[in-house]
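Please open the model in a viewer and keep the selection panel at hand. The stops below are given in the order in which they may be selected.

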Amino acid sequence: MIDDRDIFLAERQRRVKSYQHNSVLLDASKQFMSETLRTKYSYQFDWLGLPIIQYPQDIVIMQELIWSVRPDLIIETGIARGGSLIFSASMLALLDLSENIADNRATIHPRRKVIGVDIDIRPHNRCAIEKNPLSSYVEMIEGSSIDFDIVEQVRLLTKDYHRPMVFLDSNHTHNHVLAELEAYAPLVGVGSYCIVFDTLIEDYPSATFADRPWHAGNSPKSAVNEFLRTNSNFQIDSFVQDKILVTAAKDGFLKRLK
């Protein structure tokens with residue numbers, strides 16, 4: 001039988017490129033995002049029992065990127081209800097498991113870690129995370145993600161890891177996200193990603209986020225744009241967003257090139 005995997009992958013590449021010229025598909029995607037923002041669709045999903053508050057498409061692409069990059073550490077800002085931390089922990093556990101199987105090792109000892117930072121880790125959310133069977137992969141730090149002492153604490157914890165990945169999803173104002181990028185992006189390993197969520201705020205009317213301090217011009221995307229103007233180590237991986245079409249992180253998949 002012919003091995004058609006290269007043909008399959010080439011077809012995928014062509015299909016994704018064609019999406020950018022398909023106005024019907026792009027308009028449908030924008031309409032879907034607009035209506036699902038209004039109805040808080042992303043709040044409806046759990047990962048291993050905890051609310052993850054992400055679009056399913058973003059969850060799938062995070063799985064693809066983690067499997068591809070094989071990070072030994074994931075740093076997340078913004079813990080909320082813990083589902084994203086447990087998602088990252090489960091992916092790192094799968095990487096450990098797959099390597100153990102390949103090496104014929106019978107037992108699993110976590111060799112990877114997830115660091116979660118949040119200014120307010122509510123007791124019931126902390127308790128739910130700590131009760132999860134994968135909590136041994138998780139370390140939580142309470143405090144502002146841009147506070148000097150917190151950043152130093154995270155930097156100290158990263159010193160023994162070689163391929164970190166970073167997810168930024170806490171306070172979505174321009175200055176806060178820019179400060180997070182300056183603090184945490186340098187920790188990202190070459191070939192890995194810093195993913196900035198809720199960049200979509202820039203593309204929707206301010207009324208969509210009327211109860212929040214962020215809006216177009218004061219958003220994660222405006223912070224990403226300013227960061228990239230002075231930092232050539234990172235580049236937006238537009239193929240990722242072109243592929244999934246529906247994402248809260250448009251122009252927020254930053255790949256470290258050097």
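Select K221 first, together with its surroundings: beyond residues up to four places away in sequence, K221 touches T199, E202, D203, K250 and D251. The model on display is predicted. K221 belongs to helix α8, residues 220–229. Is this lysine, K221, buried or exposed? K221 counts as buried because its relative accessibility is 7%, and the cut-off for that class is under 20%.

Next, display the strands as a cartoon. Seven strands form an open sheet with mixed pairing, and their order is β5-β4-β3-β6-β7-β9-β8. At the edges stand β5 (138–142) and β8 (234–236); each has a single partner strand, so one side of each lacks a neighbour in the sheet. From one strand to the next, the twist averages 20°.

Now add helix α3 to the view. α3 packs on the sheet and touches β3 (73–77), β6, β7 and β9, while its direction makes about 160° with that of β6. Within α3, which spans residues 56–69, select V69. V69 is classed as buried because its relative accessible area is 6%, below the 20% cut-off. Which residues does V69 touch, leaving aside those up to four places away in sequence? They are R163, M165, G191, S192 and Y193. For a distance check, draw a line between the C-alpha atoms of V69 and Y41: the two residues are 28 apart in sequence and 29 Å apart in space.

One of those contacts, Y193, leads to strand β7, residues 193–196. Show the side chains of this strand. Y193 and I195 point one way, C194 and V196 point the other way, and all of these residues are buried.

The pairing of β7 may be followed on two sides. With strand β6 (residues 164–168), β7 runs parallel, and three bridges join the two. Select L168 to find one of the matched positions: its bridge partner in β7 is V196. With strand β9 (residues 253–256), β7 pairs in the antiparallel sense, again over three bridges. Here the bridge partner of C194 is L254 in β9, and I195 stands opposite F253 of β9. Strands of a sheet pair through backbone hydrogen bonds, so displaying these will help to trace both kinds of pairing.

Then trace the chain from β6 to β7. Which helix joins these two strands in a β-α-β unit? It is helix α7, residues 174–184, and the unit formed by β6, α7 and β7 is right-handed.

Keep α7 selected and add helix α6, residues 148–157. The axes of α6 and α7 come within 11 Å and cross at roughly 35°, and the crossing of α6 past α7 is right-handed. To view the interface, select I150, V151, V154 and R155 in α6, which meet E182, A183 and Y184 in α7.

The last stop concerns cysteines. C194 counts as buried because its relative accessibility is 0%. C127, by contrast, counts as partly exposed because its value is 34%. A disulfide is a covalent bond between the sulfur atoms of two cysteines. How many disulfides are counted in this model? The count comes to zero.

How values were computed
Residues numbered from 1 in each chain as written. Predicted model: local features only at pLDDT ≥ 70, side-chain atom pairs only at ≥ 80, totals over all residues. Heavy atoms only, no water. Buried < 20%, exposed > 50% of the residue type's maximum accessible area, 1.4 Å probe, protein only. Helix = DSSP H or I, 4+ residues; strand = E, 2+ residues; numbered from the N terminus. Pairing = 2+ DSSP bridges. Right-handed = clockwise from strand over helix to strand, strands pointing away. Disulfide = S-S within 2.5 Å. Axes fitted to C-alpha atoms, helices over the stretch in contact; angles between N-to-C directions. Left-handed = near helix turned anticlockwise from the far one by under 90°. Contact = heavy atoms within 4.5 Å.
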